[in-house]
Amino acid sequence: MRSSGRTAERRRSPPHPRVARDAAGKDDLARRLNRVEGQVRGIAKMLDDDRYCVDILTQVAAVQSALDALARKLLEHHLHGCVKQAISSGDGDAAIAEALEVVRKFGR
């Protein structure tokens, strides 16, 4: 785990409500995450088997792409659910600021 110099406490979320994902949405995210997990195990096996570096790098790129797709799905849920509800309840500024902070992390 990477240390950011902050305390080990969890960062407090803004005072906007969380919106539960529906069962189909949770299942989709779980399938995506399981696929990524399998890909990572496959990369580990490729390393153990001394496979060609370019083949391994291709799989690393596939994992990165799959994680990006997972993140986009989660962000979509957050914007359409949590942020939308926070705006409706008058807490939109904090929710929008938090969403922008997350988007910036993916722009690096």
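Arg-41 and Glu-37 both sit in helix H1, four residues apart, which is about one turn of the helix. Helices here are DSSP runs of H or I with at least four residues, strands are runs of E with at least two, and both are numbered from the N terminus. This is a predicted model, in which local features need pLDDT of at least 70, side-chain atom pairs count only at pLDDT 80 or more, and totals for chains, interfaces and linings use all residues. Residues are numbered from 1 along each chain as its sequence is written, and side-chain values use heavy atoms, with hydrogens and water left out.

**Salt bridges**

Arg-41 and Glu-37 form a salt bridge, with 3.7 Å between the closest N and O atoms. The term stands for a side-chain nitrogen of Lys or Arg within 4 Å of a carboxyl oxygen of Asp or Glu. Side chains of opposite charge can pair when their charged atoms come close. Three salt bridges are found in a search of the whole structure.

| Salt bridge | N to O distance |
|---|---|
| Arg-32 and Asp-28 | 3.1 Å |
| Arg-41 and Glu-37 | 3.7 Å |
| Lys-45 and Asp-49 | 2.8 Å |

Arg-32 and Asp-28 are also four residues apart in helix H1 (residues 23-48), so about one helical turn separates them. For the exposure of these residues, buried means under 20% relative accessible area, exposed means over 50%, and partly exposed lies in between (1.4 Å probe, protein chains only). Arg-32 is partly exposed at 22%, and Asp-28 is partly exposed at 22%. In the pair described at the start, Arg-41 is exposed at 52%, while Glu-37 is partly exposed at 43%. Lys-45 counts as exposed, with 52% relative accessibility, and its partner Asp-49 is partly exposed at 43%.

**Loop and cysteines**

Asp-50 lies in the loop between H1 and H2. The phi angle of Asp-50 is near 55 degrees, a positive value in a residue other than glycine. Asp-50 is exposed, with a relative accessible area of 68%.

The structure holds zero disulfides (pairs of cysteine sulfur atoms within 2.5 Å). Cys-53 is exposed at 54% relative accessibility, whereas Cys-82 is buried at 7%.

**Nonpolar core and surface patch**

The largest nonpolar core has five residues: Val-36, Ile-43, Met-46, Ile-56 and Val-63. H1 and H2 are the elements that give two or more residues to this core, and H1 provides the largest share, three residues. Such a core is a set of buried Ala, Val, Leu, Ile, Met, Phe, Trp, Tyr and Cys residues joined through side-chain atoms within 4.5 Å.

On the surface, Ile-87, Ile-96 and Leu-100 form a nonpolar patch with about 250 Å² of accessible area together. Patch residues have over 30% relative accessible area and no salt bridge; like charges are joined within 9 Å, and nonpolar side chains (Val, Leu, Ile, Met, Phe, Trp, Tyr) within 5 Å. Ile-87 belongs to helix H2 (residues 53-88) and is partly exposed, at 47% relative accessible area.

**Confidence**

The mean pLDDT of the chain (the predictor's confidence in each residue, from 0 to 100) is 85, and 81% of the residues reach 70 or more. Among the elements of the chain, H1 has the highest mean pLDDT, 94, and helix H3 (residues 92-106) the lowest, 91.

Definitions and conventions
Accessible areas come from the Shrake-Rupley method with a 1.4 Å probe; for residues, only the protein chains shown count as cover.
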